[in-house]
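Please open the structure in a viewer and set the display to cartoon. The tour below proceeds by selection, with a note at each stop on what is to be found there.

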Amino acid sequence: ARMASRLLRSGILRHAAPLGKQIRHSSLSKPNPFMSSFSTEVPVLQSATYVGLHNIRDNPGARKKRKIVGRGPGSGRGKTCGKGHKGQKSRGAMKKPFFEGGQTPLHRKLPKRGFKNPNKVRYEPVNVGDLVQRIQQGRIDPTQKITIKSLFDAGLVNNVRHGVKLLASGIEGLTSLDCPLNIELSHASAEAKGAVEELGGTVTYRYFSRRGLRAHLKPHRFHPNLMPGPSIPPVRLRERYLPSMEEELLDYYDHLVRTEDDLPRRNKDDIGSAQQ
């Protein structure tokens, strides 16, 4: 169709057939100056078929005919459907995962080692050097309390599931800051916490449940009246989080009462001197 339109514009063809019909032309009607530069024997479009909804087809081999079995002996795949008589290959699928012909497979020969702890807490790491770099770039305000949301907004953490842990890589950059840092996150290494506190800063721990952490990082997704309160840490993490969260939890939850178990643990020497 494109070749026919080009020939019509150039004057080689005098007319074109309507859509869906053949274009047939036997000879040129009159000399054309366009043909002066060509030889006398010019290949002319003898026939062309327009493509429409009535004749559009898939490419040859695009649609494979389905295999019809069990329709009599004349088809060649009748009673046994081309699988022969009896045997394992004629009964069900042969492509079973980890199937080794009936012998003990490898995954049953090897012993089991260890287990996957479902209660393991995986913190997102943040290096002190990266934190100092964000402060120097102006993406974190060092005069305000640095929380997990501050680190999230600055691009230091992305997929936070349980919390954030501060690591000591790049602690030499803390001396370049003009003011001490007040950091509140889930956990910190002893070296990183000591480096921040030596320069007059503080590192406090705060526990977040999964829902509380989502509300802390993305408060726009929660209704103001449905924002979750402070998360109560589990018993195994009580010693880490209660010193900094105890007063807030007691003020928010009326059913919580201070007991002797909430008091910090003392050494045996202190208990003995107290009894005397």
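Begin with the whole chain. Followed along the sequence, its elements come in the pattern α-α-β-α-α-β-β-β-α-β-α-α-α, which amounts to eight helices and five strands. The model is a predicted one. Of the 276 residues in the chain, 26% count as buried. Among the contacts with a separation of 6 or more, 48% are between residues 24 or more positions apart.

**The sheet**

Select β1, β2 and β4 next. These three strands form an open sheet in the order β1-β2-β4, and the pairing is parallel. The edge positions belong to β1 (124-127) and β4 (187-188); each has a single partner strand, so one side of each has no neighbour in the sheet.

Now restrict the view to β1 and strand β2 (residues 164-167). The two run parallel and are joined by four bridges. Helix α3 (residues 128-136) can be added to this view: the helix packs on the sheet, touches both β1 and β2, and has a direction at about 65° to that of β1. For individual positions, show V126, which stands opposite L166 in β2, and then N127, whose bridge partner in β2 is L167.

Remain on β2 and display its side chains. In a regular strand, side chains alternate between the two faces of the sheet. In β2, V164 and L166 make up the covered face, whereas K165 and L167 make up the uncovered one.

**The other edge and H187**

Move to the pair formed by β2 and β4. This pairing is also in the parallel sense and extends over two bridges. Select K165 here: its bridge partner in β4 is H187.

Center the view on H187, a residue of strand β4. Is H187 buried or exposed? With a relative accessible area of 17%, H187 is buried, because the cut-off for that class is under 20%. Which residues does H187 touch, leaving aside those up to four places away in sequence? They are Y123, V164, K165, L166, Y205 and R240. Two of these contacts, V164 and L166, are the residues of the covered face of β2.

**The largest pocket**

Leave the sheet and select F152, N158, N159, V160, R161, R210, L213, R214, L217, K218, R221 and F222, the residues that line the largest pocket. The volume of this pocket is about 300 Å³. Coloring the selection by residue class shows five nonpolar, two polar and five charged residues in the lining. Which helix gives the most to the lining? Helix α6 (residues 210-217) does, with four residues.

**A stop in a loop**

Finally, select T80, which lies in the loop between α1 (2-10) and α2 (106-109). T80 has a relative accessible area of 29% and is therefore partly exposed. Add G70 to the selection and draw a distance between the C-alpha atoms: G70 and T80 are ten residues apart in sequence and 7.0 Å apart in space.

Notes:
Residues are numbered from 1 along each chain as its sequence is written. This is a predicted model: local features need pLDDT of at least 70, side-chain atom pairs count only at pLDDT 80 or more; totals for chains, interfaces and linings use all residues. Side-chain values use heavy atoms; hydrogens and water are left out. On a 1 Å grid over the protein atoms alone, a cavity is a set of points where a 1.4 Å probe fits but cannot get out, and a pocket is an open set with protein on both sides within 12 Å along at least five of seven lines; lining residues have an atom within 4 Å of a point. Grid points are joined across faces, edges and corners, and a volume is the space filled by probe spheres set on the points. Ala, Val, Leu, Ile, Met, Phe, Trp, Tyr, Cys and Pro count as nonpolar, Asp, Glu, Lys and Arg as charged, and the others, Gly among them, as polar. Two strands pair if DSSP finds at least two bridges between them. Contact means heavy atoms within 4.5 Å. Axes are lines fitted to C-alpha atoms, for helices over the stretch in contact, and angles run from 0 to 180 degrees between N-to-C directions. Buried means under 20% relative accessible area, exposed over 50%, partly exposed in between (1.4 Å probe, protein chains only).
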